[in-house]
Amino acid sequence: MVAANPMHGVAIVSAYNTPQARVLPEKSSLDVTVDAIRGALADAGIEPSAVDGINGNVGMGLQITAAHLNYLLGGNPAWIGTQRPGVPALLEAAAAIGAGLCETVVLAAGQTGRYAEREKTAPWTRPSNEFVECWGLYTAAEFALIARRHMHEYGTTPEQLAEVAATIRNHGHRNPQAVYSGRGPFTRSDILGSRMVADPYHLLDCAMTSEGGAAVVLTTVERAQELPGPPVYILGGAMERMGPSYVMAPVWGKYGYVGRRSARKAFAMAGLTPRDVDVCEFYDPFSFELIRQFEAFEFCGEGEGGPFVMDGRIHLDGQFPLCTNGGTMSFAHPGVAQMLQKVIAGTDQIRGRMGPVQVPDVEVAMCTNGGAAALFMEVLLLGRESAA
């Protein structure tokens with residue numbers, strides 16, 4: 001028997017991505033964010049005047065607030081969210097709907113033009129503080145420290161990391177909506193043959209950068225029944241933060257299994273276990289992070305993640321299809337919007353809208369944001385049937 005939870009009375013009724021591309025020179029961050037909101041509302045069959053809650057992020061740091069977006073929607077009285085778009089914003093909005101603070105919420109994000117110095121790593125991967133900048137401890141190096149320690153402790157191999165990267169990139173290769181559609185197919189040798197970035201990560205072990213927008217619409221289960229599309233139900237979710245991201249070097253012994261607490265809470269809330277998950281829309285900044293998440297979420301035992309991802313288990317026809325749209329390695333990585341795109345991928349899989357990368361008969365999707373080197377993890381479980 002699943003304990004009653006106010007979020008079980010909330011459903012996603014639309015999930016929408018604008019066109020994604022490496023560069024969208026004719027679009028501003030505000031353009032793609034507003035385009036995403038319009039597309040999501042049209043997909044849901046909801047007029048802007050019916051929206052009474054909003055949260056958004058435009059351009060990762062620009063001073064365009066959710067209140068500004070609400071003004072552009074018509075300036076109606078609305079609840080305004082505070083969490084970063086992605087799993088945190090969705091859980092906050094679901095809690096607000098469950099508490100009766102609002103009924104219909106739009107979450108949106110978009111980014112263009114931020115990555116202009118292309119001879120360098122993306123600006124958000126270069127933390128500027130006294131504890132990391134002088135040592136060159138950029139994001140890839142921080143995640144590499146976590147991976148290298150696991151390899152030392154458990155014998156995890158570069159080939160196992162390459163299997164993850166090749167699989168995700170091949171899903172993007174098959175997805176006509178992905179930025180890197182048609183770039184494959186990839187083999188483990190292709191991954192290992194790409195240039196080294198931060199040992200053990202080769203270039204193709206790492207996420208890319210791109211531009212675009214994304215939006216999701218949530219409402220009450222009762223309201224969802226009146227709308228044209230099939231609702232996707234929130235089954236469970238949780239989040240945790242163990243410190244400030246990208247300020248100090250991560251230590252495996254302390255942060256290696258960040259996310260375990262959140263996963264346990266989410267599964268308990270949903271009355272499910274990892275074996276009930278049909279698709280794993282995990283956050284994929286670097287290949288080893290996916291191996292780590294399978295261990296942290298207890299899909300397998302500690303130290304077993306490397307062998308666990310082999311033999312087709314994470315392919316589209318495998319036991320736990322991983323990052324089915326191509327993830328941040330191949331589908332898109334438009335600033336904060338890529339966090340929301342994990343929710344969109346899970347929603348679209350349940351609704352059967354993924355075309356060539358659709359997994360048959362998806363009932364439960366697990367979506368995540370964050371990672372060990374970032375010292376935070378956010379977990380969401382979505383379902384075709386309500387847990388209420």
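Q: Buried means under 20% relative accessible area, exposed over 50%, and partly exposed in between (1.4 Å probe, protein chains only). How does Arg 149 count: buried, partly exposed or exposed?
A: This is a predicted model, in which local features need pLDDT of at least 70, side-chain atom pairs count only at pLDDT 80 or more, and totals for chains, interfaces and linings use all residues. Residues are numbered from 1 along each chain as its sequence is written, and side-chain values use heavy atoms, with hydrogens and water left out. The relative accessibility of Arg 149 is 39%, and with this value Arg 149 counts as partly exposed.

Q: Which residue does Arg 149 meet in a salt bridge (a side-chain nitrogen of Lys or Arg within 4 Å of a carboxyl oxygen of Asp or Glu)?
A: The place to look is helix H4, residues 139-154, where Arg 149 and its partner both lie, four residues apart or about one turn of the helix; helices (H or I, at least four residues) and strands (E, at least two) are DSSP runs, numbered from the N terminus. The partner is partly exposed as well, with a relative accessible area of 42%. The two side chains meet at 2.7 Å, N to O, and the partner of Arg 149 is Glu 153.

Q: How many salt bridges are counted in this model?
A: One of them joins Lys 27 and Asp 35 at 2.8 Å, N to O, and here Lys 27 is partly exposed at 37% relative accessible area, as is Asp 35 at 24%. In another, the closest N and O atoms of Arg 223 and Glu 226 are 3.2 Å apart, and Glu 226 is exposed, with a relative accessible area of 61%. Salt bridges with shared partners also link Asp 43, Arg 351 and Arg 353 into one network. The count of salt bridges comes to 13.

Q: Which strands stand at the edges of the open sheet?
A: Nine strands make up this sheet with mixed pairing, in the order S3-S2-S4-S7-S1-S8-S11-S10-S9, where two strands pair if DSSP finds at least two bridges between them. A strand at the edge has a single partner strand, so one of its sides is left without a neighbour in the sheet. This applies to the strand at residues 79-80 and to the one at residues 279-281, which are S3 and S9.

Q: Which residue in S3 is the bridge partner of Gly 53?
A: Gly 53 falls within strand S2, residues 53-58, which pairs with S3 in the parallel sense over two bridges. On the S3 side, the bridge partner of Gly 53 is Trp 79.

Q: Which residue, with a positive phi, follows helix H9?
A: Helix H9 contains several buried residues, among them Arg 260, Ala 266 and Phe 267. The buried residues of H9 pack against S8, helix H10 (287-296), S10 and S11, contact meaning heavy atoms within 4.5 Å. After the helix, phi is near 70 degrees at Gly 271.

Q: What is the relative accessible area of Ser 210?
A: Ser 210 sits in the loop between strand S6 (201-202) and strand S7 (212-220). Leaving aside neighbours within four places in sequence, Ser 210 is in contact with Ala 21, Arg 22, Val 179, Ala 332, His 333 and Pro 334. Ser 210 is classed as buried, because its relative accessible area is 3%.
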